[in-house]
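Welcome! Please take a moment to look over the sequence and the fold before reading the short tour that follows.

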Amino acid sequence: QVQLVESGGGSVQAGGSLRLSCAASGYTNRPSCMAWFRQGPEKEREGVAAISTGFGSTYYDDSVKGRFTISQDNAVNTLYLQMNSLKPEDTAKYYCAAALTFKCFSGSWDLPGTFGYWGQGTQVTVSS
């Protein structure tokens, strides 16, 4: 059973930075695609960024391109999301997600239904 534990959320002023971490465990074969999603108040969960764990290819939603960077450290089974130039509209609960066989490049990495494993989420609040 894959387990995902996020950390690193908090409160920051607009223009600031945060780095989220997601510690993954409980799997024999590394998930093929991992992603970050977020869900703001009264909003649907949306894909922020994804990474193909084998090739390291990355994918981003247009709203975060140039500001957020997704990365992984396979030695410690951890996924990261570096968030710079944060805006109030980035305020949301951020979730780590994993898919065991799905390939990120197939195009639906930003759909929650693609992923079978989720963390509990970490809150990010950006004030103006």
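## Before we start

A residue is called buried when its relative accessible area is under 20%, exposed when that value is over 50%, and partly exposed in between. Keep in mind, too, that this is a predicted model.

## A sheet of four strands

Let us begin with an open sheet made of four strands, arranged in the order β1-β3-β8-β7 with antiparallel pairing. Its edges are taken by β1 (3–7) and β7 (68–73), and each of these has a single partner strand, so one side of each is left without a neighbour in the sheet. From one strand to the next, the twist averages 15°.

Within this sheet, strand β3 (residues 18–25) and strand β8 (residues 78–83) run antiparallel and are joined by six bridges. To find one of the matched positions, look for Arg19: its bridge partner in β8 is Gln82.

## The strands around β9

Now move along to β9 (92–99). Is this strand mostly buried or exposed? Seven of its eight residues are buried, so β9 is largely enclosed by the rest of the structure.

Several strands pair with β9, and the pairings can be followed one at a time. With β4, the pairing is antiparallel and spans seven bridges; here Gln39 stands opposite Lys93 in β9. With β11, three bridges make an antiparallel connection, and Tyr94 has Thr122 of β11 as its bridge partner. With β10, there are two bridges, again in the antiparallel sense, and Ala98 is matched to Tyr117 in β10.

## What fills the inside

Which residues have the most contacts inside the largest nonpolar core? They are Met34, Trp36, Leu81, Met83 and Tyr94, in a core of 25 residues. At least two residues of this core come from each of β3, β4 (33–39), β5 (46–52), β7, β8, β9 and β11 (122–127). Another core, of 10 residues, lies apart from this one and includes Cys33, Ala35, Phe37 and Ala97.

Met83 is a good place to pause. Leaving out residues up to four places away in sequence, Met83 touches Gly16, Ser17, Leu18, Leu20, Arg67, Phe68, Tyr94 and Val124. One name on that list, Tyr94, also appears with Met83 among the residues with the most contacts inside the largest core.

## Loops worth a look

Most residues other than glycine have a negative phi. Two loop residues here go the other way. Asn77 is not a glycine, yet has a positive phi of about 50°; Asn77 sits in the loop between β7 and β8. With 34% relative accessibility, Asn77 counts as partly exposed. Ser85 also has a positive phi, near 50°, in a residue other than glycine. You will find Ser85 in the loop between β8 and β9. Its relative accessible area is 42%, which lies between the limits of 20% and 50%, so Ser85 is partly exposed.

Finally, visit Gly116, in the loop between β9 and β10 (117–118). How does this glycine fare: buried or exposed? Gly116 has a relative accessible area of 58%, over the 50% limit, so Gly116 is exposed. Its C-alpha atom is separated by 20 Å from that of Leu81, a residue 35 places away along the chain. Leu81 is one of the residues with the most contacts inside the largest nonpolar core.

Definitions and conventions:
Residues numbered from 1 in each chain as written. Predicted model: local features only at pLDDT ≥ 70, side-chain atom pairs only at ≥ 80, totals over all residues. Heavy atoms only, no water. Pairing = 2+ DSSP bridges. Axes fitted to C-alpha atoms, helices over the stretch in contact; angles between N-to-C directions. Buried < 20%, exposed > 50% of the residue type's maximum accessible area, 1.4 Å probe, protein only. Core = buried A, V, L, I, M, F, W, Y, C linked by side-chain atoms within 4.5 Å. Contact = heavy atoms within 4.5 Å.
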